[in-house]
Amino acid sequence: MKFDSIIIGGGLSGLVCGLRLQKAGRKCAIISSGQSAMHFSSGYFDFLDRTPDGKTTKDLKEALGNLPEEHPYSKIGKERLTGYMGSVKEFFSGCGIKLGGDPFSNGYRITPTGNFKPTWLSLEDFSLLENESVPWKKVLIANIEGFLDFNTSFIAESLESRGTACRTSVIDIEEMQRLRRNPSEMRSANIARVLDRQECADKAVSQIKQQLQDEEAVLLPAVFGLRTPEVKDRLTKAIGREVFFVATMPPSVPGIRTQMRLKEEFEASGGVFLAGDTALSPELAGSRVMSIGTVNFGDIRLEADSYVLATGSFFSKGLSATPERIVENIFGLDIISDTQRERWYDTDFFNRQNYISYGIRTDSRMRCIKEGSTVENLYAAGSVLGGSNPLYEGSGAGTAIFTAMYVADSILSSVNTTL
Amino acid sequence: MTEMKMQENNISENNFEQCIKCTVCTVYCPVVPVNPEYPGPKQAGPDGERLRLKKGIFFDQTLKYCLNCKRCEVACPSGVRIGDIIQAAKIRYGKSRPKLRDFMLASTDMMGGIATKVAPVVNATLKIKPVKQIMDGVLKIDHRRSFPEYSSQTFESWFRKNALRDQEKFDRHVAYFHGCYANYNYPQLGKDFVKVMNALGYGVRLLDGEKCCGVALVSNGMINQATRNARRNIKLMEGALSSCEAVLGTSSSCSFTIRDEYPHLLGVDNSSVRDRMELAVKFIYRLLESGKAKLEFRDDFKARIAYHVPCHMEKLGWGIFSARLVKMIPGVEFTMLDSNCCGIAGTYGFKKENYEVSQAIGKPLFDQIRAVDPDYVACDCETCKWQIEMSTGYKVMNPISILAAAIKGRD
Ligand SMILES: Cc1cc2nc3c(=O)[nH]c(=O)nc-3n(C[C@H](O)[C@H](O)[C@H](O)COP(=O)(O)OP(=O)(O)OC[C@H]3O[C@@H](n4cnc5c(N)ncnc54)[C@H](O)[C@@H]3O)c2cc1C
Ligand code: SF4
Ligand code: SF4
């Protein structure tokens with residue numbers, strides 16, 4: 001089966017790349033074996049929360065100057081990257097996704113445990129705080145009865161230490177009884193499914209209204225709006241006070257909804273999304289990929305002019321570790337990593353973990369390298385790339401989005417020059 | 001570094017320990033939002049399995065609400081075979097004997113064999129109100145269901161009388177696993193298949209004495225019968241493949257069952273045939289794409305067609321082949337319907353206790369079909385066909401029948 005471009009991996013990076021190519025008139029297929037990291041994200045996009053040497057960043061243009069050469073942002077180049085940053089909100093709104101925040105500077109979010117952390121842009125469910133102080137004098141923090149992935153007392157403690165008076169309350173919705181029978185089912189996405197029913201959302205709203213006194217805002221776990229966007233605006237209107245969602249522990253309701261939206265948009269623009277299928281056994285001739293197989297297609301091969309590897313990191317099985325080395329699972333591409341296993345990890349879990357920065361090596365146009373030579377028509381985007389530590393730096397979504405745009409543009413420009 | 005092997009060796013057959021407890025599967029399960037009694041794939045599958053392995057009494061009767069649609073598996077980031085775990089648990093622990101009703105619904109070939117002989121009577125009877133009330137009250141088959149009609153001549157006997165002698169004129173052959181539906185309810189599908197394969201230069205052979213694939217037997221707990229059928233079918237296919245290029249089906253559920261449920265649920269080894277047993281649409285797509293065969297289309301064919309990917313087709317990952325074939329026909333205006341379950345899931349929706357849930361699951365699909373308002377719906381599954389026709393009034397055609405109608409040549 002022939003396409004112009006085939007993208008392996010349907011996470012944030014694969015979808016952004018596919019959308020950009022598809023909207024530029026290329027026929028694309030995305031092969032995706034399972035759901036992606038978006039399902040587990042906070043609902044905020046990180047770009048660069050701190051530099052590789054540990055400095056907290058605020059002005060992002062400035063921070064870009066000091067990145068190592070092998071960092072994906074350095075490969076994109078400062079000028080092009082700032083251009084992308086300027087257009088990122090427009091790109092997403094073109095896909096039906098509203099992003100909040102300033103693409104050139106970081107704001108703050110409140111974590112599920114009540115800490116304040118720098119971050120970049122927010123999905124529409126969330127708001128960004130300008131700094132580490134709390135914008136309200138009095139808030140109500142309301143949780144869903146029996147929901148353990150959102151800790152009201154931690155959050156209250158943290159806000160109170162910053163001078164805000166907090167009250168906590170619980171919302172008790174009958175329809176959730178079935179979920180509560182089994183505590184491991186009281187998870188964000190399951191709760192959101194119940195709250196997507198209008199009558200249940202109405203119950204939540206009326207309980208919150210009764211519980212509110214003179215608080216300016218109500219803080220809620222982000223368990224609303226699994227299928228429907230703009231839920232924050234609707235709740236704000238219904239309750240009559242500012243509604244501020246706090247991210248829950250995974251899975252992420254806004255992340256799931258956003259992933260579904262991107263996939264729908266990709267399909268609506270004519271792209272083919274092969275869900276639940278795994279790419280394997282590529283065929284290479286010289287320095288080019290000729291075709292790729294999948295589990296479901298069997299002997300029927302998929303062919304394209306260009307291929308994009310967006311298979312994610314260890315979590316999504318783009319990479320794996322054997323006792324001796326780090327492996328890219330489909331093509332066996334060259335990897336940036338440490339050869340000594342002792343350097344891979346720090347036994348203190350909370351320290352910087354080097355293995356997170358491992359990933360595939362590319363040339364300046366993000367084309368992959370196998371046994372020392374460039375594979376001409378195979379590009380890589382997202383967290384499968386080596387050269388940055390997204391967990392330490394807080395650069396996951398930024399890397400995924402902008403390397404995807406860069407790869408799409410590389411492909412488009414190579415098409416235009418060969419025509 | 002021998003101790004490292006532990007990582008590779010600690011995964012059980014149905015890999016429930018691969019589960020990272022993320023609950024993503026539950027988001028994509030069509031039953032969970034409409035049936036509050038159903039605990040959902042995570043709890044019914046990997047979580048429950050831990051308990052069940054400890055003690056069988058932890059088996060939860062609500063597992064019967066699982067449609068076995070496998071949508072959870074398509075979504076799981078860890079590749080857990082959730083649907084298989086649930087079905088296997090029902091087989092292993094759900095010891096209650098199938099009721100008469102389940103027996104009747106499951107024994108599609110036996111019931112079909114009887115009904116075909118008296119088809120006009122059966123069809124008329126199944127439509128009569130008092131009969132429906134009895135079925136509802138005594139057998140717990142929902143009276144709001146309309147029944148698929150039985151044909152008065154089976155496909156097999158039509159084939160023997162009308163097609164058989166022409167088939168040996170061809171140099172190349174495929175074997176056809178027609179399944180119960182084409183045989184007893186809708187022989188036209190089988191006729192269409194023969195027409196299309198002949199147009200492609202292939203003669204069709206039947207498997208001598210094929211048995212029901214067993215999909216309904218499995219879901220109604222009649223495992224011994226299903227296993228016997230599976231063994232027999234595999235044997236027949238092995239025999240056929242010595243002279244045929246492939247064994248083809250026209251029903252996504254039969255093909256899925258033979259390819260995946262035989263080894264996973266029934267423990268029947270199908271490795272000798274699996275690579276060459278597939279849906280006709282995939283086979284035909286491959287032929288046309290490689291340029292080895294061509295289809296001549298009529299130039300007066302015109303239709304607005306909306307394609308629904310059945311759940312098992314979604315799991316097989318082959319919906320794209322049907323979509324491509326239908327789209328390829330000149331004069332077709334094509335719409336791909338959103339990925340939704342129709343709610344029938346084989347015999348599930350026929351049972352009185354499931355009727356409401358079944359219709360609620362299908363609602364988004366029905367609404368979309370009404371909004372698109374096509375001339376007809378394309379779909380590779382016969383039970384989806386009943387459900388969609390009954391619930392929307394739109395006619396549903398198998399992609400093979402659409403091809404047959406669009407190509408030149410006599411019927
Ligand atoms: C648990 C978790 C939470 C995170 N939270 C945040 C956050 O809050 N904010 C943030 O900015 N960043 C976060 N990140 C970083 C995250 O990695 C990036 O933001 C980004 O989502 C990565 O996107 P990706 O497309 O590169 O990879 P992924 O999202 O991992 O997608 C890779 C896809 O490829 C598929 N795949 C892999 N192998 C194959 C194959 N052989 N065939 C077909 N498909 C295949 C996988 O199934 C998967 O769908 C988080 C990461 C993780 C793991
Ligand atoms: S999606 Fe897979 S890993 Fe997640 S809870 Fe379900 S079975 Fe477990
Ligand atoms: S097979 Fe279908 S009905 Fe059963 S648990 Fe999975 S998604 Fe739900």
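A salt bridge here is a side-chain nitrogen of Lys or Arg within 4 Å of a carboxyl oxygen of Asp or Glu. By that rule, one salt bridge crosses the interface of domain 1 of chain A and domain 2 of chain A. The partners are A:Lys98 and A:Glu230, with N to O at 3.2 Å.

A bit of housekeeping: this is a predicted model, where local features need pLDDT of at least 70 and side-chain atom pairs count only at pLDDT 80 or more, while totals for chains, interfaces and linings use all residues. Residues are numbered from 1 along each chain as its sequence is written, chains are lettered from A and ligands numbered from 1 in the order in which they are written, and side-chain values use heavy atoms, with hydrogens and water left out.

Now the domain pairs, with bounds from an automatic or database domain assignment. In chain A, domain 1 covers 2-102 + 256-418 and domain 2 covers 127-246. In chain B, the domains are 13-93 and 303-406. Buried area below is the accessible area (1.4 Å probe) that two parts lose on being put together, summed over both.

| Domain pair | C-alpha centre separation | Buried area | Share on carbon and sulfur |
|---|---|---|---|
| Domains 1 and 2 of chain A | 34 Å | about 700 Å² | 53% |
| Domains 1 and 2 of chain B | 26 Å | about 1100 Å² | 66% |

On the chain A side of things, eight residues of domain 1 are in contact (heavy atoms within 4.5 Å) with 12 residues of domain 2. Four residue pairs, both at pLDDT 80 or more, make polar contacts between these chain A domains; that term means a pair of N or O atoms within 3.5 Å, where within protein one must be able to donate a hydrogen and the other to accept it, and residues adjacent in sequence count only if both atoms are side-chain atoms.

In chain B, domain 1 puts 14 residues into the contact and domain 2 puts in 15. B:Val34, B:Leu67 and B:Arg71 supply 47% of the area that domain 1 buries against domain 2, more than any other three residues. Two salt bridges link these chain B domains. B:Lys315 pairs with B:Glu73 in a salt bridge, closest N and O atoms 3.2 Å apart.

B:Leu67 turns up again around ligand 3, where the surrounding residues (a heavy atom within 4 Å) also include B:Cys29, B:Cys66, B:Cys69 and B:Cys72.
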